[in-house]
Structures are given as structure tokens and as C-alpha cells.
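Here is a short tour of a protein model, written for someone who likes to think in contacts and cores. Have the coordinates open and follow along.

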Amino acid sequence: MKKILTIAALGGLFAASTAQADVNIYIAGSTAFRANVFRAVEAAFDGGTPTSINPANAGTGTGVYTAQGTMSSLYGAQTVTIYASFNGSVQGLEDLLNNTSLTFTNITPGGSAVTAVPTITFSDVDKSSTLAASAPVTETHVAILPFVYCRNPLTPTTVTNVTGHQLQSLWNNGALKLSMFTGNTNDDSGIMYVTGRNKDSGTRVCGGSDAYYTGSPILYGFNTTAPNTWTIMNQNLSGTLYGFGYSSGGNEAIALTNQLASGPCIGYEGLNDALTVTGSACTGAPKVNGGGNCAIIAYDGFLPFNNYTPGNSPVPAYPDFTPIIEGQYSFWSYECIEMLNTHTSDTTYQYYTNMVSGLDYDLLQAEVNGGNSSKYGPVTALRLSEMRCNRSSVGGSITPN
Amino acid sequence: MKSYKLAILTAAAGFLWSLSAPAQTFNYNNGDLLLSLRTPGGNSDLIVDIGAASLYANATGPITISGNYFTSSQLTDAGLGLNNLYFSVFGDISPGYPGTANTLWVTDPQSDNLVEATPWTPQTSANQGNTRAQMESIAYGATYTSFTEAASADNTISAVIVPSSLNISGEGALSYTIGIGPNGNFNGNFGSNNDIEQDTTATFTSGTSPVRTDLFEMTPGSSGTYLGYFELDTDGTLTFDPQPVPEPTTLAAFGMGLIGLAGWRRITRKS
């Protein structure tokens, strides 16, 4: 009897060790940086591509996907599964702080959803500038992430710039008379609306900080049940604490490109989602312009890149980010990769360190290829080593290197 | 027997979870009035939800705030005393909620206890919107703090102690101390000279004179409707006394007086 028990126990141990051989990494956080993460995830697999991915057509804009394959240099012959569900920078940090489980897609199409606490998250802003400042994580800067303000199809072409002081009042009220933005008294009766993200967004944190905004903003959203109207967003989309606003940059981009919208509106976006609004010249994966007067507009008098006139041309696949690099344009932040402190020598730690270098390599390749390939372009972030200025905090002063 | 043990364990686990799990205890709703208390240089503020503004606009008799909406222990645990105490009451209607958007309720401190404070200068809806955003941030800071802490005697449905330094960049000034600013005017958003805070002296509790602050309802573009006043007594009792509403008999007597006065004038003119 004892022998049987021993054999059974050994068998159990073997089964357990076999099961542990598989490596599962759960990624959450920033929606604005998801394109870069997608490319880095792909590149980490042997041969630069996973064996399988669900959904099969997942790409740089996909918010939830699962990829599987091998990464010989890290884990030998073990099967590695990367689960990704981008839910917002701040929310990702909150998930790590509170050990909150998220729902991920099964690698098998149609398979049961997988529930797990994320092991790595991405944040567009330092954790110290978020509501999850006490999250017990190792934080590493991996890139510079530019953000932009976009105008929707109904916004007059004369709106080419928005200032931080205009934004302060615009966020406080949700809408202001259009003439403030066009400089034309004939637009006194017109209304400029503002849309934006909920509190789980790093883009929102960065935008507010950079404009020295202190307050609780009113945001408008496109009302799908009453077409043609902008309506105050007062329904929580993801929990009480996360407040009102779109839960992803992609959803906000959809609102900003809606041709049925009843009036002018501006909002902030990460550059990847902004390309949905404005179009890009990337030849590998051309983006369709949102139409009408959709365009990126200047912020405090500067655009984030040169050789672009709002509304007159698509965004270059590899923009000249000189205004950011030199310190003229300030709406940017350090993209951070976050890992729980408890992972110091395990498989998650290996993947974390690999990912840090992988993301930089991805950006390098994107630049080498000029953004003109479906794999590497368009370029929507900057390498840390390119910067000739720095800042000590989100929205903080910008100092030459 | 096993299931009995399991039930006990489950209950115990549930109890332990309830002790440690974060829960949003503080219950703020748009249109509520917040009583906010601080001491300059203090580490904590006490934020008290004293109910819907309509409760005060429609009050027909005194409302006792202390003891009902917050306790003296909460005040003590926040590091606050009755001396050198700064406090205000405010509330708003955010766009999208019932009522006139950017309507504000704000206190206006009396300089003495006999003269009603001068109503605030009318402001546009957009200007009041700037103040509204500051008020909502303070409310969010209280809600957030309550969420991150377990329910306790210091974290209740109507009152919560908030760190006076709670200020998350991009999320706004989430503490009362930072949001109201050093001059009690929401960092100038309510008007550079419009200090809505009442304060007590360093020897307040040694005296017998209470302090009062008036409550005004400000729909955009109006100078405000006087609703009554809050009175803080030296023993810590805080009450709201509504604007006296003339009773029907009083009105009738007043009307009779007017008629009498008119008749007397006619008589004197004829003579």
C-alpha cells in the first residue's frame, strides 16, 4: 500500500513539474503603447513569430490576444504563452497593487477564458504620479511616448492649436464657445466639446499634469443611442473609482472620427490611436484617415513632429520627432514596464529583462526601416537614447541632458 | 460535522476578508454638501458628507451636524481641534445631473455673529464650472481614500479622514487642503478675494462666542440665495439654522399691519 502511495505521489510530482514547465506571462496596462508591445511580444518568440495566436488576425491595434510558441534562449523547449489584455496604465498598476485577476483569451479559439493576475503591466506614466503610487513594483523606463490632441471631422480647419490654459477651462466645463479656439467672433454660437479617457488612463494623467490641470473634468462622448449628439459621459464604464470617460484610446479614436457627430470636438490620444484619426504614410499598413477635418493639432504652439500640417498631409510613417527630442513639445511621458517586486529570479523576471531590451530593439528596427513595413511601422514612440532632454516627473519641468 | 466546520471556516474567512478588503464606505453623490475641516499645516483633513443640498434649502428647522454626520473622535483622529479650525461647506451640480449645471452651494463667513455676509458676486456658468471641478476633485479624494481603507470609525458612510497632501498629478488636487488653497477660494477659481472658509481663533474654546458662516445657493449668473447659516459653538456643536420662513399667522399679521399702515397714510393725507 505504501508503495502505491509513493508511486502515486511521485507521479503527482512529475505531473506537477511537467505542468510547471510551461511558462505563462500575463501582460496588462497601457493601451497607448500596445502596438509596441505587440511587436516586442512577437519578436521574443523563436523566429520572430509565435506558433499560434488568438485571434488569428491580431495586430498592433489589438487590445486582447494570446500568443504561444517557444523562446529557446530564455526557456529552452518550454512552451511559452503570452496573455495580453490592455486595460489602461493606471488600472494595470492598480491590478498589481491589489492582486486583481483579469480575464484573458484562451490560446485555443473558442476555449474557456483564462483568469489570472497580471505579471507585467505597462504604464504611460510613472507609478508615483498615479493613484497606485504604492504598487510594489520594479519600474523601468523603456521608451518615450508622445501624446497628441486631435480634432474631429466637424472641427473647423482654423482650429490648429490648443493651449494648456484653454484645456483647463475646457475640461472644467466639458464644452466652451468655439470662438475661443478659432479666434473668430462669428463662432461665438458654436460649441467646442472635449472628450477623453477615464481615470485608468495614463494619457489622461499625463495630459492633466502637463497642462497643470487640477480638477474633475467633464468629458463628452458620442451618444450612440441618440445619433448626432455629443453627450456628457456620466456612466461609469469600468468601476466607480475609474470614473467617466473612454476606457481605451481606440474607443476614443472611434468617437473622434465619427462623421455623424453634431459638432466640433477635440481629445487626446497616444500616437498609435491618433493615426486612426489622421492617417499615416506607412506603406506597409496604411491607415485610413478619419475624414473631414480630422487632424492632429498643435499643443501650446508646437506639434510633436516636423513636416506635418494639420489636415493637409498624413502623418509620416517615421516622423521627425525633433520638437520632442529637443524639448519644445511637452506632451510626452516615459513609458514604463512594471513588474511585481516578488519576481526576482523566476520566469517572469527573465521575461521582464528580456522585454526591456526587446522594446528598445523594436523601436530601433522601426527607425531603421523608416516605419515603412507592416512589422515595424509606423513609429509611434521614441528610444530613450535619442532624447536630448529629460524630465523628473510626469508633467514636470523639461531639462537639457 | 465537516460541513459545519467548513461553514465556520468560510464565515471566518469572510470576516477576515471584510476586515482587510478595501471598500468604498464614504457615500458622496453629486448635489451633496461637503463639510470640510482642516488646520493649516495639519497632516489630515476631515471630509463630511452632510447630505443633499436640498435638505438645507428646504429645511424648516435647525439641523444638527456634529454627532450625526461626524464624531468628535473623527475630528481628534484627524489631528484637528476646535481651536485654529478652518472649515467650509460646499456642493455643486455637475453637468449631466438633475438641476442647473454648475449651480454651487458655498459658505460665506460672517465677520460677526449678527450681520449676514454679503452675497457672492454673480459668476458665469463657465466660471462656476471651474470651481465645480475643484469641488468634485475633493469629493473624489474622499471617495478614493475611503475605497483604499477598510471601513472603520474614521471611515464611515458620511465622514472620512483624508491626508492633507493627497495630490495626484493629472488627477487634480484631491485633498481639501490643496483644493481649497491657502486663501480658501479654491486656488483663486472662485474669485481671488472670495474666501469661503470660516475659522476659529487659537483660544476659541476658552470663550463663549460661536462662529457662524452663511450658506448661499448660486445658480450661474446670480449672486446667490441665502439659505441659512452654520454655527459652530465652543463645545463643538455644529448646527445649521435655516433662513426663517414666515409662518402663515405671521404673514397674516404682517399683511394686516400693511393694510393698517396704508389706511393710516390715507387718513393723514386727507387731514
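## Contacts between domains and chains

In this predicted model, domain 1 of chain A brings 39 residues into contact with 34 residues of domain 2 of chain A. On the domain 1 side, the elements that give two or more residues are α4 (89-98) and β18 (398-400) of chain A. Of that side, the largest share comes from α4(A), with three residues. Sorted by class, the domain 1 side that touches domain 2 of chain A holds 15 nonpolar, 19 polar and five charged residues.

Where do the two domains run along the chain? The domain assignment of chain A places domain 1 at 2-143 + 334-400 and domain 2 at 145-332. Their C-alpha centres in chain A are 28 Å apart.

Now for the other chain. Chain B has six helices and twelve strands, and 40% of the 271 residues in chain B are buried. If you take the contacts in chain B between residues at least 6 apart in sequence, 67% of them join residues at least 24 apart.

How many residues of chain B are in contact with chain A? There are 21 on the chain B side, and they meet 26 residues of chain A. Two elements of chain B, α4 (125-148) and β8 (172-173), each supply at least two residues of the side that touches chain A. The most comes from α4(B), which gives eleven residues to that side.

The two sides described so far can be set out by residue class:

| Side | Nonpolar | Polar | Charged |
|---|---|---|---|
| Domain 1 of chain A, touching domain 2 of chain A | 15 residues | 19 residues | five residues |
| Chain B, touching chain A | eight residues | ten residues | three residues |

Next comes the core. The largest nonpolar core has 162 residues, and those with the most contacts inside it are A:Cys150, B:Leu46 and B:Ile47. Strand β8 (residues 137-151) of chain A provides the largest share of this core, nine residues. Why does the core lie between domain 1 and domain 2 of chain A? Both domain 1 (2-143 + 334-400) and domain 2 (145-332) of chain A give residues to this core, so it lies between them.

B:Ile47 is worth a closer look. Leaving out residues up to four places away in sequence, B:Ile47 touches B:Leu34, B:Ser36, B:Ile138, B:Ala142, B:Ala159, B:Val160, B:Val162 and B:Tyr176.

Notes. Residues numbered from 1 in each chain as written. Chains lettered and ligands numbered in written order. Predicted model: local features only at pLDDT ≥ 70, side-chain atom pairs only at ≥ 80, totals over all residues. Domains from an automatic or database assignment. Contact = placed C-beta atoms within 7 Å. Helix = DSSP H or I, 4+ residues; strand = E, 2+ residues; numbered from the N terminus. Nonpolar A, V, L, I, M, F, W, Y, C, P; charged D, E, K, R; others polar. Core = buried A, V, L, I, M, F, W, Y, C linked by C-beta atoms within 7 Å. Buried ≥ 20, exposed ≤ 12 C-beta atoms within 10 Å, placed from the backbone.
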